[in-house]
Amino acid sequence: MQPFNTGHEDIVHDVAYDFYGRTMATCSSDQHIKVFKLDKDATRWEVNDSWRAHDSSIVSLDWASPEYGRIIASASYDKTIKIWEEDPNQEECSGRRWTRLCTLNDSKGSLYCVKFAPSHLGLRIASIGNDGIMRMYDALDPSNLRSWTMTAEVKVLPVAPANNLQSAFGLSWCFTRFSPEKIAVCALDQAYIYQRGKDGHFYQAGKLPGHTSLIRSISWAPLIGRPYHLIATGCKDGRVRIFRVNDSPSKSNTPNLSDSDDYNMEDQGIKQRQNNTDLEVELLSEHDDHKGEVWSVSWNLTGTILSSTGEDGKVRLWKSTYSNEYKCMSIITSKQDI
């Protein structure tokens, strides 16, 4: 692993690769987004452009599927989401190569995470912030990416946390197209799975138990050849947790609207089940190898290897054995003595 200087003047909060892995975007508390391209020898990252994107710390960004173009979404503590598109006619490193298409400012609190949905769901993003509300937006007209419409608003937390308290929020989409639309959400020390019912509304379909502190990161594994889902979380309590999630064939994907005890009817018409068990959730394993806070977890493209980073400054790679036990198979560090 070869560290390189990003040129940011403050903490880098997020790093995202495009679909092909040859372009990388970073965001920072210095209010700038930087885009890097891998050189032709695949040995160095070279700056493609850098620009001041928000009026406060930028904490999350994500790339859209390449079928929709070169598009980045960014989220900031300034309570806004911004959508950016690359203009290849502009000179590199000019600060004008990326054009702002749209600004979304419905959040009542600082935003913590923004993620594009799988491409088969269309050009859609989900976001969550300190107001405890998950919002989804769709670009309904592919020919006009400057126009986005909020299509869902789900209250994840009953009460938003105080602004002076430390918070953590995250999102991760289920990428399979062979089951109803799902998204995993972590809010403070709770993690839930939301599923879209046949009536078009999202409801709470499962909960990931066992966390004792803020959940810093959540990642849904790609489903390739498995009959079940895998979700990983990284927590402030120092543990990496891996959950197995099964679609229960005995449950309907459509909420029972006659059961008034299981629903909160929001002003926006969103129906959210409070005690739903449509999905069977099992804790497969948990690990405290980082000996400190776990900051990020992420699956590879086949969902077979999980990477985690923590306060120890190391990247750990986890893989399942034949007995379905997850073991640390490798440790990556920037230091040469390991």
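Reader: Does Y77 count as buried, partly exposed or exposed, and at what relative accessibility?

Author: This is a predicted model, and the accessibility is computed from it. Partly exposed residues fall between the limits of 20% for buried and 50% for exposed. Y77 therefore counts as partly exposed, its relative accessibility being 30%.

Reader: How many aromatic pairs does a search of the whole structure find, and which geometry does the pair of F19 and Y20 have?

Author: The search of the whole structure yields 10 aromatic pairs. For F19 and Y20, the ring centres are 5.1 Å apart and the planes stand at 90°. Planes over 60 degrees apart count as edge-to-face, so the pair of F19 and Y20 is edge-to-face.

Reader: What is the geometry of the aromatic pair of Y77 and Y112, and where in the chain do the two residues lie?

Author: The rings of Y77 and Y112 are 5.5 Å apart, centre to centre, with 55° between the planes, and the pair is tilted. It links distant parts of the chain, the two residues being 35 residues apart. Y77 lies in the loop between β6 (71–76) and β7 (81–86), and Y112 in strand β9.

Reader: Which residues do ring pairs link into a cluster?

Author: The cluster is joined through ring pairs. Its residues are W51, W63, W84 and W98.

Reader: Which charged residues sit over the ring of Y228, and at what distances from its centre?

Author: The charged end of R226 is placed over the ring of Y228, 5.8 Å from the centre. R244 lies over the face of Y228 as well, and its distance from the ring centre is 3.9 Å.

Reader: Why does C235 form no disulfide, and how many disulfides does the structure hold?

Author: A disulfide requires two cysteine sulfur atoms within 2.5 Å. The closest cysteine sulfur to that of C235 belongs to C186 and is 9.3 Å away, which is too far for a bond. C235 is also buried, at 0% relative accessibility. The number of disulfides in the structure is 0.

Reader: Which residues touch the most other members of the largest nonpolar core, and which strands supply at least two residues each?

Author: The largest nonpolar core has 20 residues, and M134, M136, V156, L171, I183, V185 and Y194 touch the most other members. At least two residues of this core come from each of β9 (111–116), β10 (124–129), β11 (133–138), β12 (149–155), β13 (169–173), β14 (182–187) and β15 (190–196).

Reader: How many residues are in the other core that lies apart from it, and which are among them?

Author: This other core lies apart from the largest one and has 18 residues. Among them are I81, L123, I125 and Y137.

Key
Residues numbered from 1 in each chain as written. Predicted model: local features only at pLDDT ≥ 70, side-chain atom pairs only at ≥ 80, totals over all residues. Heavy atoms only, no water. Core = buried A, V, L, I, M, F, W, Y, C linked by side-chain atoms within 4.5 Å. Buried < 20%, exposed > 50% of the residue type's maximum accessible area, 1.4 Å probe, protein only. Helix = DSSP H or I, 4+ residues; strand = E, 2+ residues; numbered from the N terminus. Phe/Tyr/Trp six-rings, centres within 6.5 Å; stacked < 30°, edge-to-face > 60°. Lys NZ or Arg CZ within 6 Å of the ring centre and 35° of its normal.
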